[in-house]
Amino acid sequence: MNKYRYKINNLDCANCAAKMEKAINDLEEVKNATVNFITAKLTIETDENQDELLFKVEKIIKKIEPDVKIRKV
């Protein structure tokens, strides 16, 4: 199991963070995902390739908050 951490820039809304967390956890390849609004960090646990998963995660995030950018920590 791999754990990936990302910094979320321009996250303005706790409700949006909760929506992101739920949608990312709904991905089949994600074992667990947490979005911390206070620290603006996303943590994902998965067995999948990081690059393939990151594309799906970014798509989810952009749909909820178009101005948000994520980068690996």
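The following exchange examines how terms are applied to this predicted model.

The model is predicted, so local features need pLDDT of at least 70 and side-chain atom pairs count only at pLDDT 80 or more, while totals for chains, interfaces and linings use all residues. Residues are numbered from 1 along each chain as its sequence is written, and side-chain values use heavy atoms, with hydrogens and water left out.

Me: What makes strand 2 and strand 3 a pair?
Reply: Two strands pair if DSSP finds at least two bridges between them. Strand 2 (residues 30-36) and strand 3 (residues 41-46) are joined by six bridges and run antiparallel, so the criterion of at least two is met. One of the partnerships is that of V35 with L42 in strand 3. Strands here are DSSP runs of E with at least two residues, and helices are runs of H or I with at least four, numbered from the N terminus.

Me: Why is the contact of E45 with K3 called a salt bridge?
Reply: The term requires a side-chain nitrogen of Lys or Arg within 4 Å of a carboxyl oxygen of Asp or Glu. The closest N and O atoms of E45 and K3 are 3.7 Å apart, and therefore the pair qualifies. It links distant parts of the chain, with E45 in strand 3 and K3 in strand 1 (residues 2-9), 42 residues apart. By this rule the count comes to four salt bridges.

Me: Why is E29 called buried or exposed?
Reply: Buried means under 20% relative accessible area, exposed over 50%, and partly exposed in between (1.4 Å probe, protein chains only). E29 has a relative accessible area of 17%, so E29 is buried. Its salt-bridge partner is K56, with the closest N and O atoms 2.5 Å apart. K56, at 38% relative accessibility, is therefore partly exposed.

Me: How do you know which class D26 and K22 belong to?
Reply: D26 has a relative accessible area of 53% and is therefore exposed. K22 also counts as exposed, at 53% relative accessibility. The side chains of D26 and K22 meet in a salt bridge at 3.0 Å, N to O.

Me: What describes the packing of helix 1 and helix 2?
Reply: Two packed helices are described by the angle between their axes and the distance between the axes. The axes of helix 1 and helix 2 come within 10 Å and cross at roughly 150 degrees; axes are lines fitted to C-alpha atoms, for helices over the stretch in contact, and angles run from 0 to 180 degrees between N-to-C directions.
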